[in-house]
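Reader: Could you walk me through this protein slowly, since I am new to reading structures?
Author: Gladly, and please stop me with a question whenever a term is unclear.
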Amino acid sequence: MLNMPHIVRDVMTTTVAAVDRGARFKEVVETMEEWQVSALPVLAGEGRVVGVVSEADLLPKEEFREADPDRLAQLRQVDDVRRAEAVTAGELMTSPAVTVRADATLSQAARTMARESVKRLPVVDGHGTLKGIVSRADLLKVFLRTDEDLAEEVRRDIVASLFAAPTKDLQVTVVDGVVTLSERVRDTSLIPVIARLVRSVEGVVDVQFDVTGAASARPEPPVAGRQL
């Protein structure tokens, strides 16, 4: 059976800095500085994620420090002005928070980050309770797998599964995450299938082929009594 894709639970950080929605502005800044992070989940109740406060949410406080009060009144509905006047995490945060489940695949998490233009995602359970956080750097950890580990998975879970019996016809080598399959493939129609499956292995950078088809089949010997 093919390995299941690596999931967020495999790479997420479980020790997470967070603040409650009543945390004051200065406390938010101090927490970010202490933990060396640029964003914090905002929690309510029993650890339920209700928003995220980031450095971008805090900067309007400085940006509008010397703004004309009359001008601020005219821009009262603008989000940045609202944040410039905010004093708690609940007032500063972006809500609802973009989150991900621990059982989501790394590809799903990566697509969510790209779609929402965020660098990290709070990881929540089915009740929205904070369980961890996953960052772009965490998603790239799969590319730290050794070439030997990747080659073993390709041989065991892909090559072996596509042939009825163990075969030495297809050789698997991996260099810097690039998988090369060489020698002979008895059924060349399997090549696109093999390529798709190999690319789905977490940590594979690319797949290349250096293969030939099986030798041409010999004509069948005549069968007695059969008209040729």
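Author: What follows is a short conversation about the overall make-up, a pocket, some charged pairs and a few single residues.

Reader: Before anything else, what kind of model is this?
Author: This is a predicted model, in which local features need pLDDT of at least 70 and side-chain atom pairs count only at pLDDT 80 or more, while totals for chains, interfaces and linings use all residues. Residues are numbered from 1 along each chain as its sequence is written, and side-chain values use heavy atoms, with hydrogens and water left out.

Reader: OK, how many helices and strands are there?
Author: The protein has eleven helices and nine strands, where helices (H or I, at least four residues) and strands (E, at least two) are DSSP runs, numbered from the N terminus.

Reader: And how much of it is buried?
Author: Of the 228 residues, 38% are buried; buried means under 20% relative accessible area, exposed means over 50%, and partly exposed is in between, with a 1.4 Å probe and protein chains only. The protein exposes about 14,200 Å², of which carbon and sulfur atoms supply 51%, and these accessible areas come from the Shrake-Rupley method with a 1.4 Å probe, where for residues only the protein chains shown count as cover.

Reader: What is the volume of the largest pocket?
Author: Its volume is about 460 Å³. On a 1 Å grid over the protein atoms alone, a pocket is an open set of points where a 1.4 Å probe fits, with protein on both sides within 12 Å along at least five of seven lines, and lining residues have an atom within 4 Å of a point. Grid points are joined across faces, edges and corners, and the volume is the space filled by probe spheres set on the points.

Reader: Which residues lie nearest its centre?
Author: The lining has 20 residues, and Ala39, Val52, Ser54, Ser117 and Val118 lie nearest the centre of the largest pocket. Two or more lining residues come from each of strand E2 (39-44), strand E3 (48-54), helix H3 (55-58) and strand E5 (120-124).

Reader: What sorts of residues make up that lining?
Author: The lining divides into eleven nonpolar, four polar and five charged residues, with Ala, Val, Leu, Ile, Met, Phe, Trp, Tyr, Cys and Pro counted as nonpolar, Asp, Glu, Lys and Arg as charged, and the others, Gly among them, as polar.

Reader: You listed Ser117, so is there anything unusual about its phi, and what is the value?
Author: Phi of Ser117 is near 55°, a positive value in a residue other than glycine, and Ser117 sits in the loop between helix H8 (106-116) and E5. Most residues other than glycine have a negative phi, and most peptide bonds are trans. Asp176 also has a phi near 55°, and its place is in the loop between E7 and strand E8 (178-185).

Reader: Which peptide bond is cis?
Author: The bond from Ser95 to Pro96 is cis, with omega near 0°, and Pro96 is in the loop between helix H7 (89-92) and strand E4 (100-101).

Reader: Switching topic, how many salt bridges are there?
Author: A search of the whole structure finds seven salt bridges, each being a side-chain nitrogen of Lys or Arg within 4 Å of a carboxyl oxygen of Asp or Glu. In one of them, Lys141 pairs with Asp138, with the closest N and O atoms 3.1 Å apart. Arg199 and Asp206 form another, at 3.9 Å from N to O, and salt bridges that share partners join Arg145, Asp149 and Glu153 into one network.

Reader: Are Lys141 and Asp138 buried or exposed?
Author: Asp138 is counted as buried because its relative accessible area is 7%, whereas Lys141 is partly exposed at 38%.

Reader: Back to strand E2, why does Leu40 count as buried?
Author: Leu40 counts as buried because its relative accessibility is 0%, and Leu40 lies in strand E2. Leaving aside neighbours within four places in sequence, its contacts (heavy atoms within 4.5 Å) include Ala17, Val28, Met32 and Val52.

Reader: And what does Gln171 touch?
Author: Gln171, which is found in strand E7 (residues 170-175), touches Thr180, Leu181, Ser182 and Glu183, not counting residues up to four places away in sequence.
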